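Work through the exercises below with the sequence and the structure open. Each one sets a task and then solves it step by step.

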Amino acid sequence: MIEARHLRVLRAVAATGSFSAAARELGCTQPAVSQQMKALEQSAGTPLLVRAGREMRLTQAGDALVRHAAGILAGLTAAEEEVAAIAGLRAGRVRLVSFPSGSSTLVPTALAAMRAAHPGTRISLVEAEPPRSVEMLREGDCDVALAFRYGSATAADGADAAEWDDLVVRPLLTDRLVGLVPEGHRLAGAEQVRMAELAGEPWIAGCPRCRRHLVDICESAGFTPSIDFATDDYPAVVGLVGAGLGVAVLPELAVESVRVKGARTVAVEPAVEREVVALTLPDLARVPAVAATLAELERAAGR
C-alpha cells in the first residue's frame, strides 16, 4: 500500500535532487528520508530513484508516481479540509424525517436554531409516521428520525418495548392525548371525560399506529370503537369532528398544530400518553451535525 507520507517525501526528493536536501525541506533527517524511500519502493515493487553522481534521478516508474502524487495529495488535502469543516459544523448535512405533528411544532424551532448557529450545515426534511420513519433510519435513508410510541397497553406481546434497542434514543417529551368532540356535543363543556362515556359514538381515527392504539384503549374501557372515518391528516380529523361526524382522540402536539374550528378539546381519563423521541444510529450520534440537531430538537421540546 502506497502511503501519502511516502509520496510527499518522493516529491521532495524529486524537487531537490537529493535525500539530504529533501530532509532539510521536510524538517527531518536524511536517514528518515532514505528509509521512507525504501519503504515506498517496496510498496511499488520497482525502483523509483537512481543515483547519478551526487543527485537522485527518477526512474520511469518514479516519474509516473510523482505525476500522480500531485493529484493524490491535492485530493487528500481537499478531503482533510472538508472533513475538518464538517467536524467544525462549517459544512455537512443532516437528513431528518418526522411525523406531521412533530414537523409543524418541534421541527421548525429546532431547524431555525440550527440555521442561526451553523449556517453551513444543510438539513433536509421529509415526513413519515413510525414505524416507517424508523425503517428509513435503519436503511440509511435519513440520519435522524422523530418518532413516537405509546405505552405498554398498545403491545401485549412487548414488541414496542424492544423496537428501538439498537438505536440511540433521545427523549423529547411526553405527549398526552386529548378528546375532541363537536361544539354542540353533550360532553363539549365537560372538564374531563371517561373513555367509556364515548362508547356509542362514531369515531374518526388517525394514522395506523394511532388507530391501533385507539382500539386498544377503547377495548380497555370496555367497548370497541365504531370507526366511520380514518385519515393520516390531522386537520382532516379536526374538520370531520367539527362537522359533527364523530369524535376523536388526538395527541396534544397534533391539536397544537391545527386550528380547531367547530370542535372542543376535553381531557380524557384514564390518561393516555405517547413518548416522543428523536432517534439515530450509534455511529451517527458521534457526527457533530447530527449531535447538534438532536440537541436543538431537545431544546425545542422544552419550550
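**Exercise 1. Describe how α1 and α3 cross, and name the residues that make the contact.**

Step 1. The axes of α1 and α3 come within 9 Å and cross at roughly 115°. Axes are lines fitted to C-alpha atoms, for helices over the stretch in contact, and the angles run from 0 to 180 degrees between N-to-C directions. Helices (H or I, at least four residues) and strands (E, at least two) are DSSP runs, numbered from the N terminus.

Step 2. Angles under 35 degrees count as roughly parallel, over 145 as roughly antiparallel, 65 to 115 as roughly perpendicular and the rest as oblique. Therefore α1 and α3 are roughly perpendicular to each other.

Step 3. The contact (heavy atoms within 4.5 Å) is made by R5, H6, V9, L10 and V13 of α1 and by V33, Q36, M37, A39 and L40 of α3.

A note on the source: this is a predicted model, in which local features need pLDDT of at least 70 and side-chain atom pairs count only at pLDDT 80 or more, while totals for chains, interfaces and linings use all residues. Residues are numbered from 1 along each chain as its sequence is written, and side-chain values use heavy atoms, with hydrogens and water left out.

**Exercise 2. Check the length of α1, then find its buried residues and what covers them.**

Step 1. Helix α1 has 13 residues, 4-16. The expected span is 1.5 Å times one less than the number of residues. That gives 18 Å, and the end C-alpha atoms are 19 Å apart, which agrees.

Step 2. Buried means under 20% relative accessible area, exposed over 50%, and partly exposed in between (1.4 Å probe, protein chains only). In α1 the buried residues are H6, L7, V9, L10, A12 and V13.

Step 3. The cover over these buried residues includes α2 (19-26), α3 (30-44), β1 (49-52), β2 (55-58) and α4 (60-87).

Step 4. After α1 comes G17, with a positive phi near 90°.

**Exercise 3. At what angle do α2 and α3 cross, and which residues touch?**

Step 1. The axes of α2 and α3 come within 8 Å and cross at roughly 105°.

Step 2. The two helices α2 and α3 are therefore roughly perpendicular to each other.

Step 3. F19, S20, A22 and A23 of α2 meet Q30, V33, S34 and M37 of α3.

**Exercise 4. Classify the packing of α5 and α11.**

Step 1. Helix α5 (residues 100-117) and helix α11 (residues 288-301) pack at about 130°, with axes 8 Å apart.

Step 2. The pair α5 and α11 is therefore oblique.

Step 3. From α5, the contact uses L106, V107, T109, A110, A113 and M114; from α11, it uses A289, A292, T293, E296, L297, A300 and A301.

**Exercise 5. In which sense do β1 and β2 pair, and over how many bridges?**

Step 1. Two strands pair if DSSP finds at least two bridges between them. Four bridges join β1 to β2, and the strands run antiparallel.

Step 2. L49 has L58 in β2 as its bridge partner.

Step 3. Two residues lie between the strands of this hairpin, and G53 takes a positive phi near 70°.

**Exercise 6. Find the partners of β11 and of β10.**

Step 1. β6 and β11 pair antiparallel over five bridges. L180 has T265 as its bridge partner in β11.

Step 2. Strand β7 (residues 192-194) pairs with β11 in the parallel sense over three bridges. Here R194 is the bridge partner of E269.

Step 3. Strand β6 (residues 168-182) is also joined to β10 by four bridges, antiparallel. G179 stands opposite V249 in β10.

Step 4. Both faces of β10 (residues 248-251) are covered: A248 and L250 on one side, V249 and P251 on the other, are all buried.

**Exercise 7. Locate the cis peptide bonds before P131 and P270.**

Step 1. The bond from P130 to P131 is cis, with omega near 10°. P131 is in the loop between β4 (122-127) and α6 (132-138).

Step 2. The bond joining E269 and P270 is cis too, with omega about 0°. P270 is in the loop between β11 and β12 (273-280).

**Exercise 8. Is V258 buried or exposed?**

Step 1. V258 lies in the loop between α10 (252-256) and β11 (263-269).

Step 2. Its relative accessible area is 13%, so V258 is buried.

Step 3. Not counting residues up to four places away in sequence, V258 touches Y234, P235 and V238.
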